[in-house]
Amino acid sequence: MTPQEIIARVARSQELIEFATSPGRAFILIAQLQLALRHPENRGPSAEFARQIITNLAMAIAQQTETPEFAGMVAQGYHPEFDLTDAEADEYFGERPRPRRSLNLSLDLAEDADLEAIGQALAMLMQQTPDPQGTFEQWQEALARAKIEPIFPA
């Protein structure tokens, strides 16, 4: 089945999917949706649908947890000036591991690049491992299989 056929089948389906989660996990989903909605090109019917999902989830969380103030806090999520700093997030959620250094990487894709292999190579790169050198070598091999070449900035 082609990607277009898959999308068409999903778009036509009217079957209901039930979804259940905890208020905390719903809050995470709200935050991720709001982050995506901040992109200036993310507008139109699907963006409006996501905003409605956020509103519905926020109302359900506020009711379930008996915190009507939650809706006001969710409204702040549309505005970057209310974002938590790393220190504030650590205070709320506990200290989180952070990479010691970052890798800036550009990929020059060949016309016949294997997109699945690219995804696997990038997923491998994102994993934390006790043997970074071994992982890096595996990652290079995965890139070669994907027919892409890393370009490391000077």
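**Exercise 1. How much space lies in the second largest pocket, and which residues line it?**

Let's take it in steps, keeping in mind that this is a predicted model.

- Step 1: Start with the volume. The second largest pocket holds about 730 Å³ of space.
- Step 2: Look at who sits around the middle. The lining has 18 residues, and Phe27, Ala31, Phe82, Asp83 and Leu84 are the closest to the pocket's centre.
- Step 3: Find the elements behind the lining. Helix 2 (23–37), helix 4 (70–76) and helix 5 (86–93) each give two or more residues. Helix 2 gives the most, with seven.
- Step 4: Sort the lining by character. You get 12 nonpolar residues, four polar ones and two charged ones.

**Exercise 2. Work out the overall layout of the protein: how many helices and strands are there, and in what pattern?**

- Step 1: Count the elements. There are seven helices and two strands.
- Step 2: Walk along the sequence. The pattern reads α-α-α-α-α-β-α-α-β.
- Step 3: Check how much is tucked away. Of the 154 residues in the protein, 18% are buried.

**Exercise 3. Find the salt bridges and describe the partners in each.**

- Step 1: Use the cut-off. A side-chain nitrogen of Lys or Arg has to be within 4 Å of a carboxyl oxygen of Asp or Glu. With that rule, you end up with two salt bridges.
- Step 2: Take the pair of arginine 38 and aspartate 83. Their side chains meet with an N to O distance of 2.6 Å. Arginine 38 is in the loop between helix 2 and helix 3 (45–65), while aspartate 83 is in the loop between helix 4 and helix 5, so this salt bridge ties together parts that are 45 residues apart in sequence.
- Step 3: Ask how open these two are to the outside. Partly exposed covers the range between 20% and 50% relative accessible area. Arginine 38 has 27%, so it counts as partly exposed. Aspartate 83, at 39%, is partly exposed too. You've also met Asp83 before, as one of the residues closest to the centre of the second largest pocket.
- Step 4: Now the pair of arginine 43 and glutamate 41. Their closest N and O atoms are 3.6 Å apart. Both residues are exposed.

**Exercise 4. Is methionine 1 buried or exposed, and which nonpolar patch does it belong to?**

- Step 1: Place the residue. Methionine 1 is in the segment before helix 1 (3–12).
- Step 2: Compare with the cut-off. Exposed means over 50% relative accessible area. Methionine 1 has 60%, so it is exposed.
- Step 3: Add its partners. Met1, Ile6 and Val10 make up a nonpolar patch on the surface, and together they have about 320 Å² of accessible area.

**Exercise 5. What stands out about the phi of glutamate 66?**

- Step 1: Read the angle. Glutamate 66 has a positive phi of about 55°, although this residue is not a glycine.
- Step 2: Find its place. Glutamate 66 lies in the loop between helix 3 and helix 4.
- Step 3: Check its exposure. With a relative accessible area of 70%, glutamate 66 is exposed.

**Exercise 6. Two alanines to place: where are alanine 142 and alanine 26, and are they buried or exposed?**

- Step 1: Alanine 142 is part of helix 7 (residues 132–145). Its relative accessibility is 3%, so it counts as buried.
- Step 2: Look for a neighbour from elsewhere in the chain. Isoleucine 118 is 24 residues away from alanine 142 along the chain, yet their C-alpha atoms are separated by 7.5 Å.
- Step 3: Alanine 26 is in helix 2. With a relative accessible area of 4%, alanine 26 is buried.
- Step 4: Do the distance check again. Alanine 26 and alanine 58 are 32 residues apart in sequence, and 8.3 Å apart in space from C-alpha to C-alpha.

Technical notes. Residues numbered from 1 in each chain as written. Predicted model: local features only at pLDDT ≥ 70, side-chain atom pairs only at ≥ 80, totals over all residues. Heavy atoms only, no water. 1 Å grid on protein atoms, 1.4 Å probe; cavity = no way out; pocket = protein on both sides within 12 Å on 5 of 7 lines; lining within 4 Å. Points joined across faces, edges and corners; volume = space filled by probe spheres on them. Helix = DSSP H or I, 4+ residues; strand = E, 2+ residues; numbered from the N terminus. Nonpolar A, V, L, I, M, F, W, Y, C, P; charged D, E, K, R; others polar. Patch = residues over 30% accessible without salt bridge, like charges linked within 9 Å, V, L, I, M, F, W, Y side chains within 5 Å. Areas by Shrake-Rupley, 256 points an atom, 1.4 Å probe, with all protein chains shown as cover. Buried < 20%, exposed > 50% of the residue type's maximum accessible area, 1.4 Å probe, protein only.
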